[in-house]
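Biologist: Let's look at this model together. I will ask how each label is earned.

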2 protein chains.
Amino acid sequence: MRLGLNKFLTPFRIIVISYVVAMFFFSLLLYLPFASQAGVTVSYWDALFTSVSAVSVTGLSVVNVSETYNWLGVIFLALGIQLGGIGVMTLGTFVWMVLGRKIALSQRMLIMVDQNQISFSGLVRLMRGILGVAIGIELIGAMILGTYYLNYFDTAFEAYYQGAFSALSAFTNAGFDITGQSLIPFADDYFVQLVHILLIFSGAIGFPVLMELREYFSPKNPNFRFSLFTKIATSTYFIVFFFGVIILWLIERTEFYDGMPWHQQLFFSMFNSATARSGGLATMDMNELTLASLLLLSALMIIGASPSSVGGGIRTTTLAVMFLTIRSFAMGRGDVKVFGREIHPEDQQKAFIVLSVFAVGLVGAIILIAGFEGTGQFQLMAIIFEASSAFGTCGLSMGITPDLSKPSQVVLMILMLIGRVGLVAFMFSIRAEEKKTHYKYPTERIIIG
Amino acid sequence: MRLGLNKFLTPFRIIVISYVVAMFFFSLLLYLPFASQAGVTVSYWDALFTSVSAVSVTGLSVVNVSETYNWLGVIFLALGIQLGGIGVMTLGTFVWMVLGRKIALSQRMLIMVDQNQISFSGLVRLMRGILGVAIGIELIGAMILGTYYLNYFDTAFEAYYQGAFSALSAFTNAGFDITGQSLIPFADDYFVQLVHILLIFSGAIGFPVLMELREYFSPKNPNFRFSLFTKIATSTYFIVFFFGVIILWLIERTEFYDGMPWHQQLFFSMFNSATARSGGLATMDMNELTLASLLLLSALMIIGASPSSVGGGIRTTTLAVMFLTIRSFAMGRGDVKVFGREIHPEDQQKAFIVLSVFAVGLVGAIILIAGFEGTGQFQLMAIIFEASSAFGTCGLSMGITPDLSKPSQVVLMILMLIGRVGLVAFMFSIRAEEKKTHYKYPTERIIIG
Ligand SMILES: [K+]
Ligand SMILES: [K+]
C-alpha cells in the first residue's frame, strides 16, 4: 500500500482539501432558504461564489450581502470568514507540526521555536497563542468600533453587530461588508478609517510577526531577537504601503483629489494603499480613480500581504527577495545579504517560482476572462482589476464581478482558492513525492536575457 | 587611476554606449532636410524616435516612413537597422572576445569554441562567419522577394528596392516598412508571408543557433553536437510559436476569422504568432483583433526571441528556465535537468532577475504612460500593447504611438533601448565592479509565497 491514503495526504494537501471542503460546506449553509432575507432567493451558484469568496477571505461578491442575507446568513458568512482567515491557518499549523515533514515546518513556522525540540504541549500552547492573539485583536476592534458606532446606528445591538462584523472583516482582511456599501458611509470619519487600517495591518502582517511581537514585549524573554522573516516581512509591508500612499497621491492630486482638503487627500491615499494589500474594504467607488491609479492598486493587490497571514498576493517576502536579488546582482555580488543574514538559495528559487507561476497564471486568467466575455463588453482595466483582486484575495472591485459570465466567475473562484492557499503551499500540494536522484547530469551554461 | 576610463569601459558598457551613440548619430542623419520627401519637414524629435526605433530594430514609428523619407532617408534607416540588428551585435561579440572577462564570454558566445583556446584569427573568422551568414540570408531573401515583387511593382528597380528593404526588415526583425502599410497589401499572398516568416525566424532564433547549424551541415565536423543553448532556444521558440498559432485561432475563429476560408485563418494565425516574437511586420490592422488576442499578442511580444539574436523580450531561454524550474519543483526535484544536462544555478538566478526587472519595468512603464496621458484618452489595451511592443522590440502597434505625449514617447524609447540591449547585458552595464566579499553572514530561512 505504498500509494495509500496516508501517503497521499501530505500536510499541504490536507490544507488545500480543508479549504475546498470548507468552501462547499459554507456554500450549502449560504444556500439555505431561511438564511436569506424574506423574499430573496439565492441561487446555488451565487451561494458557492459567496462561500469561496468568504472562505478565501477575498470579499469579491456577486450579491449585496446586506440585501441578500438575514442575521443567520451573516453569521454563516462570518463563520466562513473566521474559518478561512484564522481557522484553517491554525489547523494547518497544527497538521504541519504533528504530521509535517521538516521541509514544511521550516518553511511555515519560523516562530522562535525549533520544531525538533518542541513538545506536543508546546504545539498546543503555540496554536492557542495564535488563536488567542487573533480573537483578542478582533474583540478589541469590535468593542472600539461597536462603541463608536453608537453615534451612527439607532440601537446598541445594531451598532455592536456592525462593529463586530466590521472588525472581523477588517482583521481577517475579508473585505465583506453588511453596510451595503462597504465603508463609503465613513468616507469622512477618519477615526473609523484608522481603526480599520490598523486591523487590516494586524491581519496582513503575518501571524509569526504577531507572535514574535508578543514574545518581544513579554518580560520572560529579555534576550529575544526578531527573526529575519519578521524583519523582512514587516519592513517590506510598510515600505510598499508608504510607496502606495505617495504614488497614489501624486497621480490623483490633480484628478480625483482636485479641490479636496489635504487631510481628505491623505486619508483616501492611506486607506486605498492599505486596503489594496488584501483588505478589500473601500471608502470610495473605485471607478472614480484614474487609469494609472487603478493600475497601481492592481499592482498593490498583486504584491499583497505577508505569508502566514490572512492576506494573499505574491507576498511581501517574495517581493523583497526579488529586489534584494536584483540589488545584489547590481552591486556585483553573488550572494544575497540583508539584516546581517544571507537569504538561502532555495528561498530565492521559491520566490522565482512564485513570481513565474503568478505571472503566467494572472496573464492566463486575464486572457481567459477577456476571451469568455467576448468583444468590448467589459473594459480591460476592470478585468485586470477583478483578476488581480481575486488572485491577491483582496476583494476591491470595479463592480463587474456580478455581471461576468459563469466561466469567468469560475476563473475568479480558482484564483481566490489558489491565492488563499498561497502559491508555494499550492505547488507543494500538487507536487510529486520528493525524488532522491542518485545521478547527476553535467551542468551546461546557457545565455539568459 | 583605479577609476580610470579603462576601468569604466567594461564590455557591457561599451555595448550600451555603442547603441546610444548610434541612436543619436542616425537621429542626425534622419533629421537632414535632403533625406526627407519634398515638402515634408521632420522634427528632430520625430527623427530621434525613428532612429531609436531603427537602431533598436523595434519598428514603432511616429511617422509614415514612405511618406516622410526619400530614398536617401530610407538608406539611412536601412543602415541604422543593419547596424542595430547585426553590427552592434558582432561588434559586441568582438569587444567581448577581445576585452571580455570570462563571465561575459561564457554568457554570450557559446558557439562550439572555448574562448580560452581561440586565437585572434579565430575570433575574426567567427565574426566574419556571423556577418557572412546574416548578410547571406538577407541577400537571398532580397533576391527571392525582389524577383517575386516584379508581379507587384511597375519597375524592376522598385521591385528589388522593396524586396531588399523588406528582407532586411524581416531578417533583422526591424518591422519597418516602405510600403506605407506594412504587409497588409500582401494579406492574401501566402508566398510573401512564408518568406517573411522564415526570415523573421532566422533572425530571431539567435546567431549561435545559425552558426551551429552551419557547423552541423559542414562536412569538416562529423561529430558535431548542438549546445544546450541551441536546443533550449530553438525548441522554446517553436513551442511558443505553435502555442500562439493555436490560441490565436481558438480566440478568433468565431470573431475576426468568422466566415474566412481555413487557409486565410491559418495564415493570419501563423503570421501574427511569428511577427509578435519581435518581427513587427503586420498583415492586418491590429485593432481588428479581439481583446483576448491583443493580450495574447502582448504576451508573445513580451516573451520575444532568443538571446544573441536581433529580437527582444525576456527571451526564450528565460521562459524555458522559468518553466523548467516550475516543473522540477512540481516533480519534487531540487536541480533542473533538461536534454541530459543541468541548468546552472547562476543561470536560474539570472532568469529570475530578468523576469523581476521586466515585470517591474513593464508595469512601471504602463503606469507612467497611463499617468502622462491622463484620463480616458487612450484605452489601456493600446497602452499595454505599445509598451509590450517597445520592451520586446517588436514594433507591432495599435496606432497610438504617434499621438502619445512626449514623456510617454520617452518611456517607449527607454524601453526600446533596454529591450534591445537585453536585460542581463543592461544590468551588467550598470552594475558595480564585482566585489570579492571575504565575510559570510549566517543563512536564515524565511517564508516565501
Ligand atoms: K480580502
Ligand atoms: K521589431
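**Labels and their reasons**

Modeller: This is a predicted model. Helix α15(A) and helix α15(B) are oblique to each other.

Biologist: Why are α15(A) and α15(B) called oblique?

Modeller: They pack at an angle of about 40°. Angles under 35 degrees count as roughly parallel, and 65 to 115 as roughly perpendicular. The angle of about 40° fits neither range, so the pair is oblique. The axes are 10 Å apart.

Biologist: Which residues make the contact between α15(A) and α15(B)?

Modeller: On α15(A), they include A:Q348, A:F352 and A:L355. Among those on α15(B) are B:Q348, B:F352 and B:L355. The crossing of α15(A) past α15(B) is left-handed.

Biologist: What makes the site of the potassium ion (ligand 1) irregular?

Modeller: The site has six donor atoms, with angles of 63 to 150° among them. Six donors count as octahedral if opposite donors are over 155 degrees apart. The angles reach 150° at most, so the site is irregular.

Biologist: Which residues coordinate the potassium ion (ligand 1)?

Modeller: A:V57, A:T58, A:N173, A:S278, A:T393 and A:C394 do, each through its O atom, at 2.3 to 2.8 Å. A:N173 lies in the loop between α8 and α9, and A:C394 in the loop between α16 and α17. These two are 221 residues apart, so the pair links distant parts of the chain.

Biologist: Are A:N173 and A:C394 buried or exposed?

Modeller: Both are buried. Across chain A, 61% of the 449 residues count as buried. Chain A has 18 helices and three strands.

Notes:
Residues numbered from 1 in each chain as written. Chains lettered and ligands numbered in written order. Predicted model: local features only at pLDDT ≥ 70, side-chain atom pairs only at ≥ 80, totals over all residues. Heavy atoms only, no water. Donors = N, O, S within 2.8 Å, 3.2 Å for Na, K, Ca; no water. Tetrahedral: all angles 85-135°; square planar, octahedral: opposite > 155°, others 65-115°. Helix = DSSP H or I, 4+ residues; strand = E, 2+ residues; numbered from the N terminus. Buried < 20%, exposed > 50% of the residue type's maximum accessible area, 1.4 Å probe, protein only. Axes fitted to C-alpha atoms, helices over the stretch in contact; angles between N-to-C directions. Parallel < 35°, antiparallel > 145°, perpendicular 65-115°, else oblique. Left-handed = near helix turned anticlockwise from the far one by under 90°. Contact = heavy atoms within 4.5 Å.
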